[in-house]
Structures are given as structure tokens and as C-alpha cells.
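Dear colleague,

I am passing on the structure below, and after it I have set out what was found. Please read the notes with the model open beside you.

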Amino acid sequence: MIDLYTWTTPNGRKASIMLEEIGLPYTVHPIDINKDEQFAPAFLKVSPNNKIPAIVDGDNNFSLFESGAILMYLAEKTGKLMPKDLQARYRVIEWLMWQMGGIGPMLGQVHHFVKYNKGKAPYAEERYLKEAHRLYGVLDRRLAANEFVGGEYSIADIAIWPWVSRFEWQTVDLNAYANVKRWYTAIAKRPAVQRGYKVPKDVGEIPMP
Ligand SMILES: N[C@@H](CCC(=O)N[C@@H](CS)C(=O)NCC(=O)O)C(=O)O
């Protein structure tokens, strides 16, 4: 049994979608980051960086924070959603790192400046929107030649998809990125993704382009 500490955000949904995909039983502990629950001493024991998501694996009492590490751990534990072949595995890790270092932090800044603080910092809005569109272009070119970012559906797709699901917040028109739109729509139809999207609570349907 896995304990999952999460909230209704892209990083949180990576972990819940992964748990739904691999079919491991898990208990959800909502950490409401709008109420600063991420700073509670009990939560800091499993997530010293005071951010969600985090997990504790009841099989070995092992706790883990950082969504990319959680995806890799669960993939290795179950032998699912990560290729065995060395090069194929590192292709997936490459795109997972691209999400962790690029898509996540940059789109996070778009949410901050463009959605929540519009008009306050025009330079920041321009800078992060430009970077967002560059990243969408990179993803679109990758998906032009590959059904999923790593070839087969993998933890790299699970890491990227929840960030793309906020395309409306980012003022990004998915119709301008036909390959991303095809990939996004196909993943949105997966029952595990639909279940994982609604963890820890249902805040509405998956946005569709
Ligand atoms: N690199 C971390 C980022 C986690 C993260 O930024 N989580 C956000 C929600 S998406 C959070 O907990 N924010 C609370 C805060 O910043 O105090 C990961 O991928 O797990």
C-alpha cells in the first residue's frame, strides 16, 4: 500500500495518474497548499522541500518527494511504463528531465504571471510565454514522429500531460500544435488518467481543446 500526499495540481496529478496506471493500491492524503498544509511538521517528514507530491511505500516504509523521482521509483518497483532497453530507457528519462527542468518550472511561471498576476509584470509575461511556446514547439516536433514522447506510452508522457492540461491557463491554443493536440486527446481518454485527474478531489472535467 502506498500513501500519497497530493493536491489538485499538475505535479500532484503525475503521481495519482501513475498510481492509477500501474494499479497499485494507495491511500490519498490531501495537502491543501492554499491553506499552507505543506508546511505542517508531519508533512515535512515525508517532503522536506514542503511541496507535493510525496509518497510513502508501506512495503518498506520508504518515503520519497519530487514527482520525477516518484515516477521512476514506481516504474522500477512495478516494471511498468519504463522500457527495459538501456537506450529506450534513457530516451524516456531524457524527456522526463525535460519536463522537470523545462515544462514544469516555465509553465509554472506562466501560471503565476499570466493567469494570477496579469498586467503586473509585462516583461515576465512576455519572457515566460515565449518560452512556453518554444517548449510546445519542441514537444510538437517530437510528437510529429512519435506516438508518445518516448515511443511507447511511459512515465515521460505522465509527467508532461498534466502540465499541458493547463493549456487554457497558459493562453495556449492547442490547435496551433496539432501533434500535441492528438497526443493530449489520446491520453485524456485513458480511464486511469481520468481517475488520476480527480485525485485528491474532483474539480471539474479534463479541459479539451
Ligand atoms: N519539483 C517538484 C515541484 C513540486 C511543486 O512545485 N509542487 C507545488 C504544487 S504543483 C507545491 O507543492 N507548492 C506549494 C508551495 O510552493 O508552497 C516536483 O516535481 O515534485
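**Around the ligand**

A polar side-chain atom of N11 lies 3.5 Å from an oxygen atom of the ligand, and I begin with this contact, bearing in mind throughout that the model is a predicted one. K51 also faces a ligand oxygen, with a polar side-chain atom 2.5 Å from that oxygen atom, whereas E66 places a polar side-chain atom 2.8 Å from a nitrogen atom of the ligand. Taken alone, the ligand would expose 510 Å², and the protein buries 77% of that area. The residues around the ligand are T9, N11, I33, Q38, F39, N50, K51, I52, P53, E66, S67 and M100, and some of these names return further down.

**The loop before strand 3**

Two of the residues listed around the ligand, N50 and P53, deserve a separate look for their backbone. N50 is placed in the loop between helix 2 and strand 3, and its phi is near 45°, which is a positive value in a residue other than glycine. Is N50 buried, partly exposed or exposed? With a relative accessibility of 22%, N50 counts as partly exposed, because a residue is called buried under 20% and exposed over 50%.

P53 is found in the loop between helix 2, which covers 41–44, and strand 3, and the peptide bond that leads from I52 to P53 is cis, with omega near 5°. I52 is itself among the residues around the ligand.

**Strands 1, 2 and 3**

Strand 1, made of residues 2–6, is mostly covered, since 4 of its 5 residues are buried. On which strands does strand 1 find its partners, and in what sense do they run? With strand 2, residues 26–30, strand 1 pairs in the parallel sense over 5 bridges, and within this pairing L4 stands opposite V28 of strand 2. With strand 3, residues 54–57, strand 1 is joined by 4 bridges, and these two strands run antiparallel; here the bridge partner of Y5 is A54, in strand 3. Helix 1, residues 10–22, completes the picture, as strand 1, helix 1 and strand 2 together make a right-handed β-α-β unit.

**Two further backbone points**

A cis peptide bond is also found from V199 to P200, where omega is near 5°, and P200 has its place in the segment after helix 8, which spans 191–197. A positive phi in a residue other than glycine also occurs at T171, where the value is near 55°; T171 is found in the loop between helix 6 (155–164) and helix 7 (178–188).

**Salt bridges**

How many salt bridges does a search of the whole structure find? The search finds 10, of which I describe a few here.

R91 forms a salt bridge with E94, and the closest N and O atoms of this pair are 2.8 Å apart. Both R91 and E94 lie in helix 4, residues 86–116, where they are 3 residues apart, about one turn of the helix. R91 is partly exposed, with a relative accessible area of 38%, and E94, at 39% relative accessibility, counts as partly exposed as well.

K198 takes part in two of the contacts I would point out: its side chain meets that of D202 in a salt bridge of 3.6 Å, N to O, and it meets the side chain of E205 in a salt bridge of 2.9 Å, N to O. At 27% relative accessibility K198 counts as partly exposed, and D202, at 49%, is likewise partly exposed. E205, on the other hand, counts as exposed, because its relative accessibility is 60% and the limit for that class is over 50%. Elsewhere, salt bridges that share partners join D57, D59 and K77 into one network.

**Where to start**

If you wish to begin in one place, I would suggest the loop between helix 2 and strand 3, where N50 has its place and where P53 is also found, and then the contacts that K51 and E66 make with the ligand.

With kind regards

Terms used: Residues are numbered from 1 along each chain as its sequence is written. This is a predicted model: local features need pLDDT of at least 70, side-chain atom pairs count only at pLDDT 80 or more; totals for chains, interfaces and linings use all residues. Side-chain values use heavy atoms; hydrogens and water are left out. Buried means under 20% relative accessible area, exposed over 50%, partly exposed in between (1.4 Å probe, protein chains only). Two strands pair if DSSP finds at least two bridges between them. A crossover is right-handed if, with the strands pointing away from the viewer, the path from the first strand over the helix to the second runs clockwise. A residue is near a molecule or strand if one of its heavy atoms lies within 4 Å of it. A polar contact is a pair of N or O atoms within 3.5 Å; within protein, one must be able to donate a hydrogen and the other to accept it, and residues adjacent in sequence count only if both atoms are side-chain atoms. Accessible areas come from the Shrake-Rupley method with a 1.4 Å probe; for residues, only the protein chains shown count as cover. A salt bridge is a side-chain nitrogen of Lys or Arg within 4 Å of a carboxyl oxygen of Asp or Glu.
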